[in-house]
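Work through these exercises with the structure open beside you. Try each task before you read its solution.

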Amino acid sequence: MSTYQLAPRRPFNIEQVIKILHEVMETHLSTVKYEPAACPQLCAHITRNVREKVKAMNFDRYKIVVTCSIFQKENQGLHVGLRCLWDPQHDNYVSESYETTQFIALTCVYGIYHD
Amino acid sequence: MDDFAEEETEFVVEEVTTLVKECVEKIVGRETFQRQKCELYVHRIAEACISALARLNKPFKYIVTVEVAQNDGCGRHGAFANLWDAGRDKCCNVIWKNDVVLCIVTVIGLHI
């Protein structure tokens, strides 16, 4: 059934989502040492945690995608980039990195409005 | 007739994977790792992938993330969690590497 709604009633709020990212990454990563066996589960915990907290913010008709990557620091070069084909008026993303002496964690949250 | 129409509106992972590999091959190809060119590779690969995906003319919004790193055996782990349409929205991860360069492209397709 069409609602004739042209825009979200509660748009994706970057400041609120950044706070969530910061809090979740601080909680999960501040006391962690790099362990290859434990990393996949750690990434999964972080993404699920962030997704639940962003879902609780009730952004109206938004699809949420959360990605988390952990890179071991071995003096290698690393570059990360992003391109999107979306609606710049309603869609947005937030990313936050957390760095220790052993690893860098990068988490991104994408909020995509679904008409 | 129905299958043909369905494929035009579906995110076909194999098709996207082939497309991304072609883009990366064309841009990075047989080059050796050069730190100063990394950023350029990232931008070019992302632009090329997005343009190629747009030419597919499918009703999707796309997010393309590109990671280019030196292939020296260091660890990289990833995960993702989504709140989306499980039937139509898809993600595909393409890993391309040669002796010195490791390139990971993630394409997320969200049906509109």
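**Exercise 1.** Does B:Arg88 count as buried, partly exposed or exposed, and why?

*Solution.* The model is predicted: local features need pLDDT of at least 70, side-chain atom pairs count only at pLDDT 80 or more, and totals for chains, interfaces and linings use all residues. Residues are numbered from 1 along each chain as its sequence is written, chains are lettered from A and ligands numbered from 1 in the order in which they are written, and side-chain values use heavy atoms, with hydrogens and water left out.

Step 1: recall the classes. Buried means under 20% relative accessible area, exposed over 50%, and partly exposed in between (1.4 Å probe, protein chains only).
Step 2: apply them. B:Arg88 has 45% relative accessibility, so it counts as partly exposed.

**Exercise 2.** Locate B:Arg88 and list its contacts beyond four places in sequence.

*Solution.* Step 1: find the loop. B:Arg88 sits between strand 2 and strand 3 (90–97) of chain B. Helices (H or I, at least four residues) and strands (E, at least two) are DSSP runs, numbered from the N terminus.
Step 2: look for partners. Contact means heavy atoms within 4.5 Å. Neighbours within four places aside, B:Arg88 touches B:Phe11, B:Phe60 and B:His111.
Step 3: check one pair. B:Phe60 is 28 residues from B:Arg88 along the chain, and their C-alpha atoms are 9.6 Å apart.

**Exercise 3.** Describe the layout of chain B.

*Solution.* Step 1: count elements. Chain B has 3 helices and 4 strands.
Step 2: order them. From the N terminus they run α-α-α-β-β-β-β.
Step 3: add burial. Of its 112 residues, 47% count as buried.

**Exercise 4.** Test the length of helix 2 of chain A, then find what covers its buried residues.

*Solution.* Step 1: compute the span. The expected value is 1.5 Å times one less than the number of residues. Helix 2 (residues 39–56) of chain A has 18 residues, so it should span 26 Å; its end C-alpha atoms are 26 Å apart, which agrees.
Step 2: pick out buried residues. Among them are A:Cys39, A:Leu42 and A:Val54.
Step 3: name the cover. It includes helix 1 (14–29), strand 1 (62–72) and strand 4 (103–113) of chain A, together with strand 2 (76–83) of chain B.
Step 4: go past the helix. A:Asn58 follows, with a positive phi near 55 degrees.

**Exercise 5.** How many residues of each chain are in contact across the interface?

*Solution.* Step 1: count. 40 residues of chain A are in contact with 38 residues of chain B.
Step 2: rank. A:His79, A:Arg83 and A:Leu85 lose the most area to chain B on the chain A side, together 26% of what that side buries. Buried area is the accessible area (1.4 Å probe) that two parts lose on being put together, summed over both.
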